[in-house]
Amino acid sequence: MNKMFVSMALALGLGAAYSLPAYSQAKPDVLVKQRQAAMTLQGKYFGPLNAMAQGKIPYDQSVVTRNAGYLDALARMPWDGFAASTKGEKSAALPAVFTDTGKFKEHQDRFQAEVTKLASVSKSGDEASVKQQITAVGKQCGGCHEDFREKR
Amino acid sequence: MKRELRWLHASLLAAVSCAFAAYAEAQGDAKRGSYLAKAAGCVGCHTEAKEGAPAFAGGRALKTPFGTFYGPNITPDPQAGIGKWSEADFLRAMRRGERPDGSNYFPAFPYTSFTRMTDQDLRDLWAYLRSLPGNNRANQPHALSFPYSMRSLVSVWKRMFFTPGPLPNDPQLSPAAARGRYLVVALAHCGECHTPRNALGGAKKDRFLAGGKGPDDKNVPNLTPTRLKKWSDNELKEFLTTGMYSDGDIPAEAMAEVIRNTTSQLTPEDLDAIIAYLRALPALPEEPRDNKK
């Protein structure tokens with residue numbers, strides 16, 4: 001009885017494992033499209049903050065808090081899109097993304113940490129430290145683009 | 001009577017401005033020099049890439065296929081910096097790529113560009129460097145691979161790839177584009193990264209600003225109209241002042257730093273001049289890109 005239960009459970013588990021890829025592993029071209037979408041949206045919500053940090057547009061606390069919150073989620077999204085299966089896809093990702101995965105991961109972690117910090121600092125409402133943190137986030141964007149993205 | 005007064009006025013003015021010019025030539029204007037230092041981006045290579053590192057005290061690593069160069073201390077500290085230099089030593093370094101003892105600088109120091117600077121600008125820049133606080137941060141020796149580590153070979157390199165002296169006139173260019181050319185070529189030394197190099201590290205002159213591989217072996221964009229024609233003047237200006245593309249995207253940190261240190265610090269007129277010059281460049285095809293790295 002017990003044996004039967006185990007084998008049934010196993011069969012169910014296997015079935016789930018087999019059916020899972022259909023949901024979780026998107027095709028490489030779809031993954032590229034999705035990670036690019038996440039990057040595009042980061043640009044959309046980071047752009048105005050960067051412009052505020054440089055005094056190009058007036059500082060707007062409500063926009064800062066909202067965008068920083070969006071960014072905190074967006075900053076986590078692109079990375080699983082750089083799956084090994086996407087290596088051959090046409091994109092601006094440099095081969096280093098797939099060959100120097102350790103360094104790439106470090107950049108992701110540093111970036112996420114700075115964005116999370118921005119989200120928390122933005123709630124404080126202290127304009128000077130918010131602006132400083134926006135600049136820090138921008139440097140992380142460019143730092144990773146330096147080695148891992150083809151120049152535009 | 002009125003006319004006489006006007007003459008007197010004019011000659012007085014002339015005398016004063018002559019005297020001023022002579023004074024400026026003898027002394028150098030540190031305030032002008034501070035602007036020139038920004039336009040030339042000196043702080044980038046001559047400051048360690050570390051939070052709170054003392055400006056101009058050296059330490060930045062420049063990784064190239066020939067090895068790693070470390071920017072030296074250019075503060076007036078007499079031991080660690082260039083405090084014992086004379087103005088003539090400075091002019092010689094910038095113009096001819098020679099150290100005060102007569103040996104050669106490696107061309108990681110972009111004297112290939114700075115040699116085009118005018119005497120007045122060099123003197124003003126010197127005056128500015130003299131006005132900096134001295135810092136005793138010791139220099140780090142370059143870590144170069146053999147045979148590139150042989151300084152004496154630089155004289156051969158110079159004979160092949162280095163033409164000292166100011167920019168020849170180009171009557172084709174508008175005054176704005178001519179100013180832009182001076183800024184791009186002599187001061188901002190854009191070509192040091194944006195012009196592809198041959199196997200010996202000499203700039204490919206017929207590929208000026210056509211992009212390809214930069215000195216650190218990373219791809220750099222083409223700055224000739226082939227690529228820039230897609231950008232409006234306003235987009236270019238925004239990019240060079242905010243360090244951001246119009247969609248909020250951020251360029252690689254190497255350019256972001258140049259924007260922070262140099263292009264965002266320029267007067268609007270100088271920025272317009274740079275754009276006018278880039279627009280006047282011959283459109284060169286993209287350098288073939290090798291993406292194996």
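Trainee: Let's begin with the strands of chain B: which residue of E2(B) stands opposite B:Lys63?

Mentor: Happy to start there, and do keep in mind that this is a predicted model. Strand E1 covers residues 61-64 of chain B and strand E2 covers residues 67-70, and the two pair in the antiparallel sense over 4 bridges. Across that pairing, the residue of E2(B) opposite B:Lys63 is B:Thr68.

Trainee: Through how many residues does the hairpin join E1(B) to E2(B)?

Mentor: E1(B) ends at residue 64 and E2(B) begins at residue 67. The hairpin that joins them passes through 2 residues.

Trainee: Which residue of E3(B) stands opposite B:Gly67?

Mentor: E2(B) also pairs with strand E3, residues 143-144 of chain B; these two run antiparallel and are joined by 2 bridges. In that pairing, B:Gly67 faces B:Leu144.

Trainee: Now a helix, please. Why are the buried residues of H4(B) on the same side?

Mentor: Helix H4 of chain B spans residues 87-96, and its buried residues are B:Phe90, B:Ala93 and B:Met94. They share one side of H4(B) because the arc they cover around the axis is only 90°. As a general point, an α-helix has 3.6 residues a turn, so residues three or four places apart point the same way. The value to remember for H4(B) is the arc of only 90°.

Trainee: What covers those buried residues of H4(B)?

Mentor: Stay in chain B for this one. The cover over the buried residues of H4(B) includes helix H5 (111-114) and helix H6 (119-130).

Trainee: Which residue follows H4(B), and is its phi positive or negative?

Mentor: H4(B) runs over residues 87-96. The residue after H4(B) is B:Gly97, and its phi, near 70°, is positive.

Trainee: Over in chain A, how do H2(A) and H6(A) lie relative to each other?

Mentor: Two packed helices are described by the angle between their axes and the distance between the axes. For helix H2 (residues 28-53) and helix H6 (residues 127-148) of chain A, the axes come within 9 Å and cross at roughly 125°. The contact includes A:Phe46 and A:Leu49 of H2(A), and A:Ile134 and A:Val137 of H6(A). With that crossing angle, H2(A) and H6(A) are therefore oblique.

Trainee: Is the crossing of H2(A) and H6(A) left-handed or right-handed?

Mentor: The axes of these helices cross at roughly 125°. As for the hand, the crossing of H2(A) and H6(A) is left-handed.

Trainee: To finish, what percentage of the residues of chain B count as buried?

Mentor: Chain B contains 13 helices and 5 strands. Out of its 293 residues, the share that counts as buried is 34%.

Methods:
Residues numbered from 1 in each chain as written. Chains lettered and ligands numbered in written order. Predicted model: local features only at pLDDT ≥ 70, side-chain atom pairs only at ≥ 80, totals over all residues. Buried ≥ 20, exposed ≤ 12 C-beta atoms within 10 Å, placed from the backbone. Arc of directions from axis to C-beta. Contact = placed C-beta atoms within 7 Å. Pairing = 2+ DSSP bridges. Axes fitted to C-alpha atoms, helices over the stretch in contact; angles between N-to-C directions. Parallel < 35°, antiparallel > 145°, perpendicular 65-115°, else oblique. Left-handed = near helix turned anticlockwise from the far one by under 90°.
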